[in-house]
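Notebook open, coffee poured. I want to go through this model from the inside out and jot down what turns up.

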Amino acid sequence: MQCSSFIATSIDGFIAKTDGSLDWLDAANATVPEGEDCGYAQYMAGIDVILMGRKTFETVLGFGAWPYDKPVYVVSRQWSALPAAAPATAQLWKDSLPALSTHLAANGVRAAYVDGGQLIQSFINARLLDEITITRIPVLLGSGLPLFGPLADDCNTVAAQHLQTRSYDFGFVQSDYRLEYVAAGE
């Protein structure tokens, strides 16, 4: 099973302001010409299931209408159940990420979209994220929630093989990478 992510960051590497706000991203998206989705629809066409962290799930619930028509697994060890506002396509996952990967593969899932900064970091530390598409938005936040964090002790390097980069006239720059994990001592 392939696990990948499609995410936007400020050019200084933040996915949200310190308080979790995405107003900077909303402002940037307002500059995108109508009908341009920067490859998102094509990416989502190849996805079978969405894996989402709790905080990201709460943020998406706040958008109003639920934007996804695919099954969603909300990864959280804190929740005992999903909130009442959760869509019928969502279910809670409380077990480990390797167990989730095994469960999904056993149920015929070929491609999973990993969404949420902390969950992306956890998938990297579990060596389960295969590819990532990062769209850099032309804004500096100065501080906020970073896309990347410390690596697990048993993984001192993650090599990112560059696949391609696209630039858009409205200032977005998007790069695709395949991740390769190097264990400590290799």
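**Entry 1: the core.** I began with the largest nonpolar core, which has 25 residues. Inside it, the residues with the most contacts are Leu 51, Leu 100, Val 114, Ile 120, Phe 123, Leu 129 and Ile 132. Then I looked up which elements feed this core: β1, β3 (49–53), β4 (72–75), α4 (97–106), β6 (111–115), α5 (117–125), β7 and β10 (173–183) each supply at least two residues. The most comes from α5, with 4 residues. Apart from this core I found another one, of 16 residues, with Ile 47, Met 52, Ala 111 and Tyr 113 among them. A reminder to myself: in soluble globular proteins, nonpolar side chains tend to be buried together. I should also note that this is a predicted model.

**Entry 2: Ile 132.** I picked Ile 132 from the list of residues with the most contacts inside the largest core. What does Ile 132 touch, leaving out residues up to four places away in sequence? I got Ser 5, Ile 7, Ile 120, Leu 147, Phe 148, Ser 175, Asp 176, Tyr 177 and Leu 179.

**Entry 3: β7 and its partners.** Next I checked β7 (131–137). How many of its 7 residues are buried? I count 5, so I put β7 down as mostly covered, taking buried as under 20% relative accessible area. On pairing, β7 runs parallel to β1 over 7 bridges. For one pair there, I noted Ala 8 with Thr 135 in β7 as its bridge partner. With β10 the sense is antiparallel, and 6 bridges join it to β7. In that pairing Ile 134 stands opposite Ser 175 of β10.

**Entry 4: Ser 10 and Leu 25.** Ser 10 sits in β1 (residues 2–10). Is Ser 10 buried or exposed? Its relative accessible area is 1%, and the cut-off for buried is under 20%, so Ser 10 is buried. Beyond four places in sequence, Ser 10 is in contact with Trp 24, Ile 137, Val 139 and Leu 141.

Leu 25 belongs to helix α1 (residues 23–29). Its relative accessible area is 17%, which is under 20%, so Leu 25 counts as buried too. Its contacts, with the same four-place exclusion, are Ala 8 and Ile 137. So Ile 137 turns up for both Ser 10 and Leu 25. I also pulled one distance: the C-alpha atoms of Leu 25 and Gln 161 are separated by 27 Å, with their positions 136 residues apart along the chain.

**Entry 5: pockets.** The largest pocket comes out at about 1,500 Å³. Its lining has 50 residues, with Ile 7, Leu 22, Thr 56, Asp 115 and Gly 116 nearest the centre. By class, that lining divides into 24 nonpolar, 16 polar and 10 charged residues.

The second largest pocket holds about 160 Å³ of space. Which elements each supply at least two residues of its lining? I wrote down β1, α2 (40–45), β7 and β9 (155–167). The lining includes Gln 2, Ser 4, Gln 42, Tyr 43, Glu 131, Thr 133, Leu 163 and Gln 164. Ile 47 and Ala 111 are also in this lining, and both were on my list for the 16-residue core. The class split here is 4 nonpolar, 6 polar and 2 charged.

Note on methods
Residues numbered from 1 in each chain as written. Predicted model: local features only at pLDDT ≥ 70, side-chain atom pairs only at ≥ 80, totals over all residues. Heavy atoms only, no water. Buried < 20%, exposed > 50% of the residue type's maximum accessible area, 1.4 Å probe, protein only. Contact = heavy atoms within 4.5 Å. 1 Å grid on protein atoms, 1.4 Å probe; cavity = no way out; pocket = protein on both sides within 12 Å on 5 of 7 lines; lining within 4 Å. Points joined across faces, edges and corners; volume = space filled by probe spheres on them. Nonpolar A, V, L, I, M, F, W, Y, C, P; charged D, E, K, R; others polar. Core = buried A, V, L, I, M, F, W, Y, C linked by side-chain atoms within 4.5 Å. Pairing = 2+ DSSP bridges.
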